[in-house]
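Biologist: I would like a close look at a single part of this model. Choose a place where charged side chains meet. Then tell me how that place sits in the rest of the chain.

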Amino acid sequence: MSESKHSSLPRVSLSGDAVNEITRRDFLNEITLGALGIAGLGSVAVTYQFFSPNVLFEPPTTFRAGNPDLYPVHSVTFLQDQQVYIVRMPEGFYAVSAVCTHLGCVTQWKPDAEMIACPCHGSKFKSDGTKIEGPAPRPLPHFAISLTADGELLVDKLQNIKSEQALRV
Ligand code: FES
C-alpha cells in the first residue's frame with residue numbers, strides 16, 4: 001500500500017548541486033560531533049592539568065658567570081637574565097642584585113653617572129650597591145660569588161653576604 005503511494009510521487013531529477021546539499025539532519029550531526037569533540041579535548045586538557053605536578057619552574061639560583069677575564073677592572077656588567085650586576089673592582093669581584101630594595105623594580109647601571117639608578121621611584125646606588133638617595137630602605141644585596149674548579153665565576157643568589165666580601169682572583 002505504502003509502496004504504491006511512494007511510487008505515485010513525482011520524481012524530481014537532482015542536478016549536481018542538489019546532490020551535494022547537506023540535509024538538516026547531517027548538519028545537526030556535524031554540529032553535535034564537533035561540540036562533542038571540543039568537549040572531549042577540553043576534558044583531556046583538564047585531566048592532564050590535574051595530574052601534572054603543581055610546581056613553579058624558576059631559573060636556577062646558582063649560575064656560572066663565565067671567565068673572570070671577561071670583566072675588566074672597574075667594570076659593572078648587567079646580566080639581564082639573572083638580574084645581577086657583576087662588579088669588578090681592584091679589590092675583587094662582587095655580585096650585586098639588580099632588584100631595587102624599595103618595591104622590586106629592576107635597576108639600571110648608568111655608566112656616565114657611575115651609579116645604579118632605579119627607574120621607578122628614583123633610588124640611586126653606588127656600583128657596590130650602597131644607597132645614595134631615594135626611598136629604597138636598604139642597599140642592594142650582595143650574593144655569594146666564588147670560582148668553580150675550572151676557573152669560572154659562580155654566583156649563588158640564595159646566599160647573601162656582607163658587602164665588604166670581595167672575591168679575589
Ligand atoms: S622600586 Fe626602586 S625606588 Fe621604588
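Modeller: Helices here are DSSP runs of H or I with at least four residues, strands are E runs of at least two, and both are numbered from the N terminus. By that rule, L28 belongs to helix α3, residues 24–51. The model is predicted, so local features need pLDDT of at least 70 and side-chain atom pairs pLDDT 80 or more, while totals for chains, interfaces and linings use all residues. Numbering starts from 1 along each chain as its sequence is written, and side-chain values use heavy atoms, without hydrogens or water.

Start with the layout. The chain holds three helices and 10 strands. Along the sequence the pattern reads α-α-α-β-β-β-β-β-β-β-β-β-β. Of the 169 residues, 26% are buried (under 20% relative accessible area; over 50% is exposed, and anything between is partly exposed; 1.4 Å probe, protein chains only). L28, back in helix α3, is partly exposed because its relative accessibility is 44%.

Now the part you asked for. R64, D150 and E152 are linked in a network of salt bridges (a Lys or Arg side-chain nitrogen within 4 Å of an Asp or Glu carboxyl oxygen).

Take D150 first. Its salt bridge with R64 has the closest N and O atoms 3.2 Å apart. D150 sits in the loop between β9 and β10 and R64 in strand β1, so this pair ties together parts 86 residues apart in sequence. D150 is exposed because its relative accessible area is 54%. R64, at 46% relative accessibility, counts as partly exposed.

E152 is the other acidic partner in the network. The side chains of E152 and R64 meet in a salt bridge of 3.1 Å, N to O. This pair also links distant parts of the chain: E152 is in the loop between β9 and β10, R64 is in strand β1, and they are 88 residues apart. E152 has 25% relative accessibility, so E152 counts as partly exposed.

The backbone runs through the same region. β1 and strand β10 (residues 153–161) are antiparallel and are joined by four bridges (two strands pair when DSSP finds at least two bridges). R64 itself has L154 as its bridge partner in β10. On the hairpin side, six bridges join strand β9 (residues 142–147) to β10, again antiparallel. One of the partners here is N160 in β10, which is matched with F143.

Look next at the turn of that hairpin. Five residues lie between β9 and β10, and G151 takes a positive phi near 85°. T148 is also found in the loop between these strands. T148 is buried because its relative accessibility is 14%. The side chains of T148 and D150 are joined by a polar contact of 2.4 Å (N or O atoms within 3.5 Å; within protein, one able to donate a hydrogen and the other to accept it; sequence neighbours count only through side-chain atoms on both sides). D150 thus has this contact with T148 as well as the salt bridge with R64.

Step outward to the other strands. The whole structure has three salt bridges. One that does not involve R64 joins E133 and K124, with closest N and O atoms 3.2 Å apart. E133 counts as partly exposed because its relative accessibility is 40%. K124 is partly exposed too, with a relative accessible area of 24%. K124 lies in β7, opposite A117. Two bridges join strand β6 (residues 115–117) to strand β7 (residues 124–125), and the two run antiparallel. Both belong to an open sheet of four strands, in the order β5-β6-β7-β8, with antiparallel pairing. Its edges are β5 (108–110) and β8 (131–133), each pairing on one side only.

Finally, the loop after β1. Y71 lies in the loop between β1 (62–66) and β2 (75–79). Y71 is buried because its relative accessibility is 4%. Further on, S75 lies in strand β2. At 12% relative accessibility, S75 counts as buried. A polar atom of the S75 side chain lies 2.6 Å from the backbone oxygen of P72.

To sum up the site: R64, D150 and E152 form one salt-bridge network. R64 also has a backbone partner, L154, in β10.
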